[in-house]
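Colleague: Got a minute? I'd like to go through this model with you.
Modeller: Sure, put it up.

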Amino acid sequence: MTHKPGTPAPATGIYWCSVCKLPATFSKDQTLPPCKNKCGRGRWELVKAAENKSTQ
């Protein structure tokens with residue numbers, strides 16, 4: 001699933017641009033920016049979610 005720039009990140013992890021595959025790390029609820037490579041139609045795709053380090 002891909003996410004438009006300007007929307008909040010659904011999870012903390014590593015995302016990449018659907019056009020140029022530029023990787024970037026975002027935190028949950030952080031606003032996803034436009035791709036730094038100025039890919040006009042680029043959307044962000046979560047490729048690796050951060051591991052949950054809860055202590056139970």
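**Sheet, cysteines, rings**

Modeller: Strands β2 (residues 13-17) and β4 (residues 44-49) pair in the antiparallel sense, over five bridges. Bear in mind that this is a predicted model.

Colleague: Which residue does Y15 stand opposite in β4?
Modeller: That's L46.

Colleague: What's the strand order in the open sheet?
Modeller: β1-β4-β2-β3, four strands with antiparallel pairing. β1 (2-3) and β3 (23-26) each have a single partner strand, so they stand at the edges and one side of each lacks a neighbour in the sheet.

Colleague: Switching to cysteines. How many disulfides does the count come to?
Modeller: Zero.

Colleague: Why is the sulfur of C35 not bonded to that of C20?
Modeller: The C20 sulfur is the closest cysteine sulfur to that of C35, but at 3.7 Å it is too far for a bond. The cut-off is 2.5 Å. C39 is in no disulfide either; its nearest cysteine sulfur, again that of C20, is 3.6 Å away.

Colleague: Are C35 and C39 buried or exposed?
Modeller: C35 is buried, at 7% relative accessible area. C39 is buried too, at 17%.

Colleague: Now rings. How many aromatic pairs does the search of the whole structure find?
Modeller: Two. One of them is F26 with W44, edge-to-face, 5.1 Å centre to centre and 75° between the planes. F26 sits in strand β3 and W44 in strand β4, 18 residues apart, so the pair links distant parts of the chain.

Colleague: Is that pair buried or exposed?
Modeller: F26 counts as buried at 6% relative accessibility. W44 is buried as well, with 3%.

Colleague: Which residues form the aromatic cluster?
Modeller: Y15, F26 and W44.

Notes. Residues numbered from 1 in each chain as written. Predicted model: local features only at pLDDT ≥ 70, side-chain atom pairs only at ≥ 80, totals over all residues. Heavy atoms only, no water. Pairing = 2+ DSSP bridges. Helix = DSSP H or I, 4+ residues; strand = E, 2+ residues; numbered from the N terminus. Buried < 20%, exposed > 50% of the residue type's maximum accessible area, 1.4 Å probe, protein only. Phe/Tyr/Trp six-rings, centres within 6.5 Å; stacked < 30°, edge-to-face > 60°.
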